[in-house]
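Reader: I have a model open and would like to go through it. Can you take me through the sheet and a few side chains?

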Amino acid sequence: MDLFESATEESSARPLAIRMSPRTLEEYVGQEHLLGPGKLLRRLLESNRVISIILYGPPGTGKTAFARLVARRTKSRFVALNAVTSGLADLRKVFDEAAETKRLYQQSTILFLDEIHHFNKSQQDALLPHLEQGIIILVGATTQNPFFALNSALLSRSRVCELRPLDEKHLSIISDRALTDSQKGLGQYKIELSKDARTHLLKAASGDARTLLNALEVGALTTPPDDKGVIHFDLEVAQESIQKKMIQYDSTGDQHYDTISAFIKSIRGSDPDAALYWLAKMLYAGEDPRFIARRLVISAAEDVGNADPQGILVAVAAQQALEFIGLPEGRIPLAQATVYLACAPKSNAAYMGLENATEDIKKETSKEVPTHLKDAHYPGAKVLGHGQGYQYAHDHPDHYVKQVYVGNAAKYYIPTNLGYEAKIKAWLEHLQELGKPSDPREKIN
């Protein structure tokens with residue numbers, strides 16, 4: 001820990017989010033999958049050992065706090081750089097000072113490199129020899145997927161740890177500490193945080209502890225106390241402090257189900273404007289975007305279907321893009337997929353065909369696989385007659401041959417006249433005109 005940081009750490013002029021940074025492992029909130037009992041990073045810290053790591057996760061999840069905690073725990077010298085504003089000259093200075101500290105005091109230097117994905121290949125490569133020699137221990141932080149943003153050589157010398165957004169339980173603990181800690185927090189003020197204000201702050205923070213603490217500080221310091229010195233931190237103050245209006249939305253109750261229902265039905269009803277409205281409401285309220293992406297994929301298959309086979313590709317691409325880039329930019333591919341599906345021609349013929357086939361399976365005796373369709377690739381299959389009489393479709397004109405594929409003549413797939421499915425229907429009708437059944441499951445008379 002450098003002298004400047006040590007001398008100024010308790011200054012009340014520093015932002016609340018920095019003052020409330022955890023000093024001990026016990027104070028660190030969240031990331032139990034990395035720091036829970038028996039987990040690797042916890043074992044390393046408890047044994048006062050550390051390795052170079054890349055912390056990957058959204059803002060406000062504790063990347064910087066963890067780096068400082070590592071330095072305190074291991075009694076290492078701590079140096080922080082931001083890759084956006086730093087270059088090779090800054091790195092060389094850190095390397096020289098780290099080598100000197102190692103030689104004179106046998107003290108390790110932890111280099112916290114924020115936004116490390118902004119370093120180019122040469123800058124990343126400059127870190128390698130100093131990591132190998134143990135001159136520095138790297139703690140890199142990034143909001144981008146490191147497996148796409150960082151060199152493989154750097155990744156091979158580091159352990160990648162993904163930090164997850166804090167849930168409301170974690171944020172609640174952080175909020176309570178900030179409001180009651182009179183030394184580092186806001187405990188010297190008489191703050192009455194209303195239930196509505198608390199709920200709104202926890203949801204609007206969207207897993208970001210820094211956003212939560214900044215809002216608490218702004219609200220507390222800008223709200224005049226009453227004649228008894230009490231600061232009434234109500235919903236209006238919370239909305240102004242975090243610059244986000246509260247909307248009625250329960251992520252596990254009626255609002256959750258009703259809104260997603262309205263969203264899907266708007267897509268099914270080909271109303272892109274309504275669909276975008278419900279999408280915006282869910283995202284604004286903090287709905288899990290992966291839940292929305294999953295429902296888009298389902299809608300693409302159920303409601304658009306073969307009327308536009310590209311629909312499911314767009315939906316899956318949006319889901320993958322969301323996982324790749326995260327929020328807030330992940331909203332954009334979700335919006336694109338929503339509009340595409342809402343504007344696409346609709347058909348549920350494939351889905352209804354499956355439902356009708358399932359009903360037949362439930363009601364009827366299960367049918368045996370025809371002998372000529374059974375697997376004939378194992379020893380003894382010929383003795384049983386399996387595969388005998390099977391005709392290979394690609395050996396016939398139009399790559400189609402009339403033979404029994406199931407022992408009934410039920411018709412499950414009934415294509416519509418909409419979009420691409422109209423072409424499917426025309427092709428099946430063409431086969432009928434040629435004297436070939438459109439349904440290859442029809443029995444040969």
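Author: One definition to begin with: contact here means heavy atoms within 4.5 Å, and angles run from 0 to 180 degrees between N-to-C directions, with axes as lines fitted to C-alpha atoms. Also, this is a predicted model.

Reader: Fine. At what angle to β4 does α7 run?

Author: Helix α7 runs at about 140 degrees to β4 and lies across β3 and β4. Together β3, α7 (residues 121–132) and β4 form a β-α-β unit, and the unit is right-handed.

Reader: What is the strand order in the open sheet?

Author: The order is β2-β3-β4-β1-β5, five strands with parallel pairing. At the edges are β2 (77–82) and β5 (159–162), each of which pairs on one side only. On average, neighbouring strands are turned by 20 degrees against each other, direction ignored.

Reader: Which helix packs on the sheet and touches β1, β2, β3 and β4?

Author: That is α5, residues 63–74. Its direction makes about 175 degrees with that of β3.

Reader: Back to β4. How many of its residues are buried?

Author: Seven of seven, over residues 136–142. Ile136, Leu138, Gly140 and Thr142 point one way, while Ile137, Val139 and Ala141 point the other way, and all are buried. In a regular strand the side chains alternate between the two faces of the sheet.

Reader: How many bridges join β3 to β4?

Author: Six, with the two strands running parallel; β3 covers residues 109–114. One bridge to place on screen is Thr109, whose partner in β4 is Ile136. Between β1 (residues 53–56) and β4 there are four bridges, also in the parallel sense. There, Ile53 stands opposite Val139 of β4.

Reader: And how many between β2 and β3?

Author: Six bridges, parallel. Val79, for instance, has Leu111 in β3 as its bridge partner.

Reader: You mentioned Ile53. Is that residue buried or exposed?

Author: Ile53 is buried, with a relative accessible area of 1%. Ile53 lies in strand β1.

Reader: What does Ile53 touch, leaving out residues up to four places away in sequence?

Author: Its contacts are Leu41, Phe66, Leu138, Val139, Gly140, Ser158, Arg159 and Cys161. With Arg159 the C-alpha to C-alpha distance is 4.6 Å, although the two are 106 residues apart in sequence.

Reader: Cys161 is on that list. How many disulfides does the structure hold?

Author: Zero. As for cysteine exposure, Cys161 counts as buried because its relative accessibility is 3%, and the cut-off for buried is under 20%. Cys343 counts as exposed, at 53% relative accessibility.

Reader: Changing topic. How many aromatic pairs are there?

Author: The structure holds three. One of them is Phe78 with Phe112: the ring centres are 6.3 Å apart and the planes are at 20 degrees, so the pair is stacked. Phe78 sits in β2 and Phe112 in β3, so the pair ties together parts that are 34 residues apart in sequence. Phe78 and Phe112 are both buried.

Reader: And what kind of pair do Tyr277 and Trp278 form?

Author: An edge-to-face pair, at 5.0 Å centre to centre and with 80 degrees between the planes.

Reader: How accessible are Tyr277 and Trp278?

Author: Tyr277 has 52% relative accessibility and counts as exposed. Trp278 has 25% and counts as partly exposed.

Reader: Last topic, backbone. What is phi at Gln31?

Author: Positive, about 60 degrees, although Gln31 is not a glycine. Gln31 is in the loop between α2 (16–19) and α3 (32–35). With a relative accessible area of 4%, Gln31 is buried.

Reader: And what about phi of Gln106?

Author: Phi of Gln106 is near 50 degrees, again a positive value in a residue other than glycine. Gln106 belongs to the loop between α6 (88–105) and β3.

Reader: Is Gln106 buried or exposed?

Author: Gln106 counts as exposed, because its relative accessibility is 60%.

Key:
Residues numbered from 1 in each chain as written. Predicted model: local features only at pLDDT ≥ 70, side-chain atom pairs only at ≥ 80, totals over all residues. Heavy atoms only, no water. Buried < 20%, exposed > 50% of the residue type's maximum accessible area, 1.4 Å probe, protein only. Pairing = 2+ DSSP bridges. Right-handed = clockwise from strand over helix to strand, strands pointing away. Disulfide = S-S within 2.5 Å. Phe/Tyr/Trp six-rings, centres within 6.5 Å; stacked < 30°, edge-to-face > 60°.
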